[in-house]
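Open the model in your viewer and switch to a cartoon view. This tour moves from one sheet to another, with a selection at each stop.

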Amino acid sequence: MRKYTVIMGLLTLFVCSVAGQKKPYDSLEEALFATTRLRGEAGPSGVNWIGDGNRYSYSKSDRGDQQIWIFNPSDQTGELVFSESGHTFPGSEIPFSYTDYQWANNDACLLFQTNFQPIWRYSGNADYYYYSLEDTTMKPMVEGAFTAEVSPDGKKLVYGKQGDLFLFDLAAGTHSRLTHDAEEHFYNGRFGWAYEEEFGLVQAWEWSPDSRYIAFWQSDERKVPRYRLTDFAGQHPEYFEIPYPKVGDPPPLVRIGVIDTETRSTRWLDIDLEGGYIPRIYWTSEPQTLAVVWMNRSQDHMKLFLCHTQTGEKALVLEEKSDTWIDIFDFFAGELHLLYFPEEMNSFFWISDRDGFSHIYRYDYEGRLIGQVTAGNYDVVAIRAIDPREKRLYYLSTEVSPLERNLYSVKFNGRGKKRLTEAPGNHRVDVGPAGRYFIDGYSDVHTPPRTDLRDGNGSLVSMLAGHENALAHMEAYTYAGRELFNFTTEDGQQIDGYLIRPVDFDPQRSYPLLLSVYGGPGSQGVYNSFESNGWNQYLAQRGFVIANINNRGNGGYGRDFEKIVHRQLGRWETYDFAQAAKYLSEMEWIDGERIGIMGHSYGGFSAGAALLTYPEIFKAGILTAPPADHLNYDCIYTERYMDLLEDNPDGYRQSSLITHAGNLEGHLMLVHSLMDDNVHPQHTFQLVRALIDRGKRFDLKIYPPGSHGVAYDRNSRLLLYTEYLDFLEEHLQPDQ
């Protein structure tokens, strides 16, 4: 029977292909869950490069059995080193399972994270187990730890628990406490919500390369105002309280300590916060020397100190001031660092946009500029590997196009540059140490994603994941791909975008246009990459034109394009959305009277600003989890882009959707979760009040549980998108 079903399915696929007919999605649900098919085969997950980068490990699921394999690129052989099916939790019959792993003891052991219980977006408490590949023993290390990591020499495990740091001696099997003063909202070796969310790190401590010292943040949130959340469940609802510093509020106070794990003593570094932040620390190649990054509160002034952790001496080696904000990481590119301190070098690299584009600069430990490594009218996104012996580094950049990311290698002196990703499209790369090999996942608007393994010269070693499944799906189902376009705004700025035409497009018909946007600082909505969103496919099937643009404020186009939005969020993004709508409505097959806009989070703010600022253009808008008033958002993010309130009161007023609520003429849907710890429901309810006070009608959809993503399970997600679809069809497809 199974064979018959498969044969009939293939026959149906063949007949449909021959007849030139493709199956439409029967339902929105079917379309939403087709996204995974359109993304193609999954490449290796949980990749960890081993040793000198000549091998890597990865996770693989075999019919529900989670496994860890090691792959050797030189002979293209794989070795199974761990399988969940062969293990139980020690002392029980419960099958073992893990959420993450890390290598330890010169790649002879594994440290597993299990039973993960989330706290914030990235962090949570978990249990940790130590597994020896040699004797296949599994030992419990600690329960309910916030973070845990084995020392570089493999002899000690440090972990954070209940706000303090502890050490476990692997040979002796003994635990000892390293800090002793944690209390509610006062932590050693961990962050609160704001630092984790807006500076991107979870683990607030670092092993020294010699395995003796621990550098850590101590975070004090006791004076940070609390925000309370509830989903109103039960007869007597429980309220969840979170320290959340909003614009103008006292921020978390931090200081940097260094623990000597042999003497158990702690030295505090003398860094004056001056009301600002310490977002990064790095161990350098010099013994007992720590690099510490300080930024002022508005994040337009940065200092880099080199601190000797035993003598307490410190030296200012780099200072930067800017008219806008200074980036120390790239959230949207997934790059946590823009400063790099190679272990084998007495110099460091820094990515800065000081010359108008983000480029790589090399400095010695005295703070002297050795040289600018890259230059040109393009942005370097990140350094992915450094080879001190060959004096070559590997970096990702937009040199080919802001719509693409490509990997290059170059000598430290800027010579010998070579492009390593030759295929057109947007590349996501995972580069091994010293750049010996890299994993390259890429696609373009015409080609579904595939994943290759390549050597340091860019030569193909093997294909790790293809896109045959995606192609087969496209043969069976209707598909509407992306078309890239660009236009020039009325003030002379060229803008890139993409559009998706309706399935069975007829240029004699007139279609509604939906801008699906985000638009926030440093983000990017348009790449030369394959369209795999099932929601967009269903909209195209229902007769919508879908479009997005890279508006001013987005990354990838240089400093001036991105940072023009400083102190005036919503102004230039919204102008560019309106210009895009006007440009596209000049197409004979787009109805300029049926233009909508939607977005989530900052995209909700963008959509709301467009709807309220350009009511003559946008007739309907969906705002999901929108930061309606930036005064209500956290100070680290907001003051970075808007400056301090006392220095920019009119900018804050103009950037608030509440200020412009009386301009509403079109149709508005507001969506929010009551348990959103990121953009609090306060934003939406204050906007609701402003709309009511001005006599404006709107739709409001509240999801009591859930978080910033609003939907909290499969059913709620389907309901959410059904609400979206019904709203758009009612107001932009009235004749259907």
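**Stop 1: the eight-stranded sheet**

In this predicted model, 8 strands form an open sheet in the order E36-E37-E39-E38-E40-E41-E42-E43, and the pairing is mixed. Select 482-488 and 699-703: these are E36 and E43, the edge strands. Each has a single partner strand, so one side of each is left without a neighbour in the sheet. From one strand to the next, the twist averages 20°.

Next, select the helix at residues 571-585, H8. Helix H8 packs on the sheet and touches E36, E37 (494-500), E38 (511-517), E39 (545-549) and E40 (590-600). The direction of H8 makes about 105° with that of E36.

**Stop 2: E41, E42 and a helix across them**

Select 620-624 for E41 and 667-673 for E42. In which sense do E41 and E42 pair? They are parallel, over 5 bridges. Show Ile-622 and find its bridge partner in E42, Met-669.

Now add residues 681-693, helix H12. H12 lies across E41, E42 and E43, and runs at about 150° to E42.

**Stop 3: the four-stranded sheet**

Move to the open sheet E1-E2-E3-E4, where 4 strands pair in the antiparallel sense. Which strands stand at the edges? Select 45-50 for E1 and 77-83 for E4. Each has a single partner strand, so one side of each lacks a neighbour in the sheet. Neighbouring strands here are turned by 30° against each other on average, direction ignored.

Finish by adding E2, residues 55-62, which pairs with E1 over 4 bridges in the antiparallel sense. Show Ile-50 and look opposite: Arg-55 in E2 is there.

How values were computed
Residues numbered from 1 in each chain as written. Predicted model: local features only at pLDDT ≥ 70, side-chain atom pairs only at ≥ 80, totals over all residues. Heavy atoms only, no water. Pairing = 2+ DSSP bridges. Helix = DSSP H or I, 4+ residues; strand = E, 2+ residues; numbered from the N terminus. Axes fitted to C-alpha atoms, helices over the stretch in contact; angles between N-to-C directions. Contact = heavy atoms within 4.5 Å.
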